[in-house]
Amino acid sequence: MPPKSSSGKEKDLGGEDEVLQAVILADSFNKRFRPLTVGKPRCLLPVCNATLLDWTFESLALAGVQEIFVICRSYAEQVKEAIRESKWSKPSSGIKIVPIITSKETFTPGDAMRDIYTHGIITSDFVLVMGDLVSNVKIDEVVRIHKERRKANKDAIMTMVVKESGGVHRTRSRADTGVFVLDANTSECLHYEAVVGYPPTRHVKIPREVLAEHPEVEIRYDLIDCSIDVCSVEVPSLFQDNFDYGDIRRDFVHGILTSDLLMKSIHCYIMKEGYAARVADTRSYDAVSKDILSRWTFPLVPDDNHPGGHLYEHLRGNKYIAKDSSVVLSRTCKVGANTLIGSQTTVSSGATITASVIGQRCTIGANVVLSHSYVFDDTHIEAGSVIEHSIVGANVKVGEGSRVQRGSLVGDGVVLGKGARLGPFERVSRRRTAGDEEEESDEEWEEVEQSQSKIPEILGEGSNALVWPQGPAEDDEDLDEVERYNNQRLMRIGDTASDLHVSDVDLSDSESDSDAETDTTSGFSRPSSRSSFSLAPSHSQSLHTLSAAAADSEFQAEVTQSLERAFDEGHSVDNAAVELKTLRMASNVELVKVREAVVAAIVERILVVQGDAVGQKREIGKVLGRWGALIDKIGGVDAVETVEVLQVCWPRARHWGVRAKQLIWELCIQYHCARSARQPLFGQLLAALYQDDIVDEDDIRAWHSRPLAKGVGVKPGPLLDGVKYCWAVGQKMIEQFDAQGSESEEESEEGSAGDSEEEED
């Protein structure tokens with residue numbers, strides 16, 4: 001083991017003027033982006049037309065880092081070439097970037113940290129990040145606090161940067177999170193417990209001595225782990241001393257905090273402002289891309305400080321078009337909000353692009369529909385094709401009339417034939433050729449090549465692609481729980497995973513029987529009795545969505561603000577619908593949530609006219625005539641559900657107006673606001689929806705027959721009274737339909753009888 005120099009340690013604890021170093025772990029150590037990472041490392045995948053590595057360099061430069069070590073194993077020559085071509089490698093940049101090639105046996109972040117120790121490159125406190133970071137955080141304050149703490153306590157070895165959010169946030173992983181137990185006064189991390197999304201984590205265990213030794217603690221599940229760590233110079237040596245440390249959070253942090261022998265401490269810095277997120281999977285790829293386009297990452301935005309050095313013009317609706325006048329847009333194409341189009345790209349007539357990113361030198365054919373998708377450089381999509389919620393690699397050709405459904409990943413160089421049909425979550429890559437750079441295992445390729453029975457029917461004629469198998473692997477149970485198939489579904493673009501039944505929870509404090517709690521110990525960990533922060537047996541739900549109500553609130557607040565802008569600024573229905581769809585996809589919520597918000601907002605636009613039925617009808621007609629089509633435009637129209645939403649929303653419509661800025665979904669508040677001044681207008685509005693063909697007679701009958709429409713399952717109280725009132729109004733309308741039907745039948749019979757008499761005469 002190489003000895004640590006005492007001079008380096010003195011420098012670590014001493015002067016303030018040493019060079020701020022950073023270490024980037026460029027490898028992903030997983031296969032979540034495959035087959036997009038066949039032939040290239042994940043850190044070189046483009047996000048908004050700049051590589052992830054460039055975004056990471058830009059983030060570190062903004063943070064004041066002066067020397068960067070890039071630790072890489074996979075496709076090391078490509079990484080070195082990308083570093084040479086980066087603007088940050090120029091002498092004028094003020095940053096020194098050094099690639100460090102690790103051994104082929106580097107399979108985990110822990111292995112990479114041990115290689116760092118072996119190379120002896122770290123001479124002072126350093127910033128540790130992954131090679132997929134997008135951040136505008138200036139961490140000089142974090143470094144200053146860390147160094148001051150180190151002067152007082154040399155055993156304070158790490159400061160983790162975390163950000164407050166809801167329990168559910170679009171950039172917060174649904175599958176790999178953690179619970180932080182913090183000292184309320186010092187922000188020392190007393191305990192860390194990893195949490196997976198599926199199977200749902202029911203409870204976390206907290207050592208009792210933590211609660212005994214610290215009178216005031218915070219148990220936080222509302223923190224986004226930014227994966228930005230300020231580390232002391234001795235951190236790599238701790239990895240070297242314990243080969244069980246693989247993952248930085250689940251192994252190293254957890255191991256340090258549960259060790260009686262090491263006596264080291266780790267702290268958290270809770271960030272109140274700024275943006276920091278990892279592109280750790282395809283779901284976060286989608287979320288971070290949308291955040292960049294929506295300018296949450298300012299000043300790191302496409303039209304200013306673009307990491308790839310591209311120049312874009314920022315247009316209304318967060319549309320970004322390359323500034324070099326090389327983009328050709330047909331007059332009849334439609335470019336929606338939150339869209340970026342790279343230079344030398346052509347978009348043909350009738351094409352529709354919504355909330356998507358298109359690379360450089362691409363061709364989008366006539367009548368192509370591109371929705372919430374990402375297309376890399378030099379890709380050509382022929383006429384009539386439809387691509388939704390997918391990622392398409394570089395140098396791809398999509399044949400005429402093809403359809404690529406949500407969640408699909410198309411690797412570099414793939415050719416899809418005419419009329420290709422990729423189902424949801426398909427993964428396709430180009431067949432291997434003799435000259436390919438090989439870093440994938442033969443076993444993996446053999447498994448892919450043996451499962452090609454569907455090639456002709458889904459890839460189209462003339463395709464060069466292989467279809468990767470879906471579903472869990474044979475060794476799924478042997479994998480780490482984070483990497484198992486069902487948990488990985490929570491990381492996929494376009495996958496709501498609604499069938500996994502990951503539900504909301506309420507937690508209660510309870511102590512577990514110490515005899516029943518047995519800790520698994522290894523390395524430096526200590527056996528101990530623990531307190532269990534857990535679910536009651538009758539609430540078998542998931543810790544993962546602990547704060548789903550808060551996330552609901554955040555989403556509803558954004559939808560309300562979007563609708564208020566549309567109402568006040570007179571947006572078109574089409575533009576308002578596009579913005580709502582973008583919000584929905586960014587937040588990954590069910591369509592009914594959007595429909596609820598739209599129905600409630602339209603209801604609130606209607607002025608109540610007392611004592612004037614004609615005037616009231618006119619007000620309803622005015623609002624519905626202007627905004628009623630928005631219900632259809634948001635997509636996935638279910639007229640029966642629209643009436644149902646109207647019925648359930650109606651009793652709380654006033655509540656929505658009062659709490660437009662809070663929108664906390666609490667049942668007791670809904671009951672309190674169940675009766676609204678607009679409730680008597682329900683019948684008139686339902687009639688107006690019928691007259692405007694938003695709903696028809698069959699829809700109203702189908703709604704009226706549903707148990708929910710009758711109040712089944714609703715607790716007695718004002719809400720149930722309001723629901724029954726609306727159901728009674730619907731009953732009267734159905735009676736009118738029946739009466740009209742009877743009159744029509746009588747007239748028809750009379751007409752038939754008269755015709756018969758004439759024939760007899």
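Visitor: Which residue caps the N-terminal end of helix 16, and which atoms are involved?

Guide: In this predicted model, the cap comes from Asp-612, a side-chain oxygen of which lies 3.4 Å from the backbone nitrogen of Val-614. A polar contact is counted for N or O atoms within 3.5 Å, so the pair in Asp-612 and Val-614 falls under that cut-off.

Visitor: What span should helix 16 have at 1.5 Å a residue?

Guide: The 15 residues of helix 16, residues 613–627, should span 21 Å, and the end C-alpha atoms are 21 Å apart, which agrees with that expectation.

Visitor: Which residues of helix 16 are buried, and which are exposed on the other side?

Guide: Buried here means under 20% relative accessible area, and exposed means over 50%. The buried residues of helix 16 are Gly-615, Gln-616, Glu-619, Ile-620, Val-623, Leu-624 and Trp-627. Because they cover an arc of only 165 degrees around the axis, they are on the same side of helix 16. On the other side of helix 16, the exposed residues are Val-614, Lys-617, Arg-618, Lys-622 and Gly-625, and Val-614 is also the residue whose backbone nitrogen lies 3.4 Å from the capping oxygen of Asp-612.

Visitor: Turning to strands, in what order do the 10 strands of the open sheet stand, and what is the sense of the pairing?

Guide: A general idea helps when the sheet is viewed: in a regular strand the side chains alternate between the two faces of the sheet. In this structure the order of the open sheet is 5-4-1-6-13-8-14-10-9-12, with mixed pairing. At the edges stand strand 5 (96–101) and strand 12 (217–220), each of which pairs on one side only. Neighbouring strands of this sheet are turned against each other by 30 degrees on average, direction ignored.

Visitor: In what sense do strand 1 and strand 4 pair, and what packs on the sheet there?

Guide: Strand 1 and strand 4 (residues 67–72) pair in the parallel sense over 5 bridges, and the bridge partner of Leu-25 is Ile-71 in strand 4. Helix 2, residues 52–62, packs on the sheet and touches strand 1, strand 4, strand 5 and strand 6 (126–130), its direction making about 160 degrees with that of strand 1. Helix 5, residues 140–152, lies across strand 6, strand 8 (156–164), strand 13 and strand 14 (265–271), and runs at about 145 degrees to strand 8.

Visitor: How many residues lie between the strands of the hairpin formed by strand 16 and strand 17?

Guide: The hairpin has 3 residues between its strands, and in the turn Gly-317 has a positive phi of about 85 degrees. Strand 16 (residues 312–315) and strand 17 (residues 319–322) pair in the antiparallel sense over 4 bridges, with His-314 standing opposite Tyr-320 in strand 17.

Visitor: Which residues have a positive phi although they are not glycines?

Guide: Ser-227 is one of them, with a positive phi of about 55 degrees, and this residue is found in strand 13, residues 223–231. Ser-227 is buried, because its relative accessible area is 16% and the cut-off is 20%. Another is Asn-367, whose positive phi is about 60 degrees and whose place is in the loop between strand 24 (363–364) and strand 25 (369–371).

Visitor: Where are cis peptide bonds found?

Guide: One cis peptide bond joins Arg-34 and Pro-35, with omega about 10 degrees, and Pro-35 lies in the loop between strand 1 (21–25) and strand 2 (46–47). The peptide bond from Phe-298 to Pro-299 is also cis, with omega near 10 degrees, and Pro-299 has its place in the loop between helix 9 (282–293) and strand 16.

Visitor: Are Ser-232 and Asn-242 buried or exposed?

Guide: Ser-232 is buried, with a relative accessible area of 0%, in the loop between strand 13 and helix 7 (235–241). Ser-232 and Val-127 are 105 residues apart in sequence and 9.0 Å apart in space, C-alpha to C-alpha. Asn-242 is buried as well, with a relative accessible area of 5%, in the loop between helix 7 and helix 8 (248–257), and its side chain reaches the backbone nitrogen of Asp-244 at 2.9 Å.

Methods:
Residues are numbered from 1 along each chain as its sequence is written. This is a predicted model: local features need pLDDT of at least 70, side-chain atom pairs count only at pLDDT 80 or more; totals for chains, interfaces and linings use all residues. Side-chain values use heavy atoms; hydrogens and water are left out. Helices (H or I, at least four residues) and strands (E, at least two) are DSSP runs, numbered from the N terminus. The expected span of a helix is 1.5 Å times one less than its number of residues. Buried means under 20% relative accessible area, exposed over 50%, partly exposed in between (1.4 Å probe, protein chains only). The arc is that of the directions from the helix axis to the C-beta atoms. A polar contact is a pair of N or O atoms within 3.5 Å; within protein, one must be able to donate a hydrogen and the other to accept it, and residues adjacent in sequence count only if both atoms are side-chain atoms. Two strands pair if DSSP finds at least two bridges between them. Axes are lines fitted to C-alpha atoms, for helices over the stretch in contact, and angles run from 0 to 180 degrees between N-to-C directions. Contact means heavy atoms within 4.5 Å.
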